[in-house]
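Colleague: Got a minute to go through this model with me?

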Amino acid sequence: MITLGIESTAHTLGVAVVKDKHILSNEKSSYTTASGGMIPVKLVEHHLEQFSNVLDRALAKANIAIDDVDVIAFSQAPGIGHALRIGATLAKSISLVYKKPLMGVNHCIAHLEIGRHFAKAKDPVLLYASGANTQIIAYDAGKYRVFGETLDIGIGNFLDSFGRYLELGFPAGPKIEELAKKSKKYIELPYAVKGMDVSFTGILTNLSQKIAHHKKEDLCFSAQETVFAMLIEVTERAMAHCNKNELVLGGGVACNKRLQEMASLMCKERNAVCFTPENQFLVDNAAMIALTGEIMHRAGNKTTLKDAGIKPYERTDDVKVNWR
Ligand code: ATP
Ligand code: FE2
């Protein structure tokens with residue numbers, strides 16, 4: 001079975017081909033800026049301009065023609081409406097022209113499924129740390145449940161906003177990681193864990209007030225140490241509460257080596273296994289959409305043209321998981 005996956009929830013436009021759970025290609029083009037954040041209209045322009053190029057590359061690398069595809073999977077939820085609409089419209093058009101069935105996929109669940117696939121993990125907890133999302137997720141009784149999450153912005157958005165104050169451009173996460181490596185000086189910051197949830201906006205305000213008085217390397221180091229410790233604390237508590245001993249990392253922020261180190265250390269101390277997929281499958285990617293689309297399609301799920309509208313606000317725990 002060959003699945004074409006289309007990812008378009010935010011800044012990344014991706015196309016991938018998966019055959020019987022083997023990833024044959026995983027192509028993308030991401031919208032970036034030298035300074036400032038994402039402008040929705042520019043995002044739309046970028047995705048529309050790049051689509052045929054990315055699609056051609058994905059088909060060529062997989063060495064297939066579009067007629068060979070059995071299912072068109074697309075990221076239907078959640079995300080920025082402008083971006084989601086592009087992916088859904090392209091998927092629907094291909095489905096109509098080539099008479100292929102559609103499979104709408106929840107992007108957050110796709111992050112989990114690709115991690116589970118590569119880790120060969122049976123029943124992991126997922127620490128999903130990306131731009132817009134920060135959730136600790138685990139399977140229980142027919143759904144992926146959210147055990148803890150951000151009460152305001154995602155951790156990546158926190159890093160990108162902090163980066164804007166420092167004029168680092170978008171995305172700022174990797175640049176903050178590089179600056180943080182140059183310091184070991186911890187500057188006290190608020191620590192915001194509330195039960196199983198975390199919050200970032202207060203820390204962001206606090207950091208913005210400190211910019212004039214400290215070296216940016218020290219602020220980057222302190223910001224990372226604080227917010228990553230918060231994530232690891234709630235992740236550990238979720239693992240203990242659910243009695244699970246596998247951890248999978250997902251989302252663009254999970255590319256960060258310091259976060260990976262803290263997660264591994266925590267797992268080692270509790271005799272658990274920590275697994276981090278390679279970077280191309282941590283950041284937004286179409287391979288995870290194609291893979292999850294295949295798994296869902298095989299389980300008998302269908303997305304009709306009428307049901308293929310975007311769901312920008314669908315939550316991880318809204319989706320009935322009938323493939324586990
Ligand atoms: P989602 O739609 O799942 O919320 P997203 O659109 O934000 O995801 P991702 O590619 O998963 O996309 O994550 C992008 C985020 O990851 C950005 O905020 C970026 O700054 C951050 N990021 C990328 N690399 C690193 C890194 N090395 N350290 C910290 N943050 C990083
Ligand atoms: Fe994502």
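Modeller: Sure; a polar contact here is a pair of N or O atoms within 3.5 Å. It's a predicted model, with local features needing pLDDT of at least 70, side-chain atom pairs pLDDT 80 or more, totals for chains, interfaces and linings using all residues, and side-chain values using heavy atoms, without hydrogens or water. Residues count from 1 along each chain as written, while chains are lettered from A and ligands numbered from 1 in written order.

Colleague: What does V253 offer ligand 1?

Modeller: A polar backbone atom, 3.4 Å from a ligand 1 oxygen.

Colleague: And which distances do the side chains of S130 and D284 give?

Modeller: S130 puts a polar side-chain atom 2.6 Å from an oxygen of ligand 1. For D284, a side-chain N or O atom is 2.7 Å from a ligand 1 oxygen. Of the 640 Å² that ligand 1 exposes when taken alone, the protein buries 93% (Shrake-Rupley, 1.4 Å probe).

Colleague: How many residues surround ligand 1?

Modeller: 25 (heavy atom within 4 Å), and Y128, S130, D160, E177 and D284 are the closest. By class, that shell has 10 nonpolar, 12 polar and 3 charged residues, with Gly counted as polar and Tyr as nonpolar.

Colleague: Which domains feed the shell?

Modeller: Domain 1 (2-110 + 282-318) and domain 2 (123-279) each give at least three residues.

Note on methods:
A polar contact is a pair of N or O atoms within 3.5 Å; within protein, one must be able to donate a hydrogen and the other to accept it, and residues adjacent in sequence count only if both atoms are side-chain atoms. Domain bounds come from an automatic or database domain assignment.
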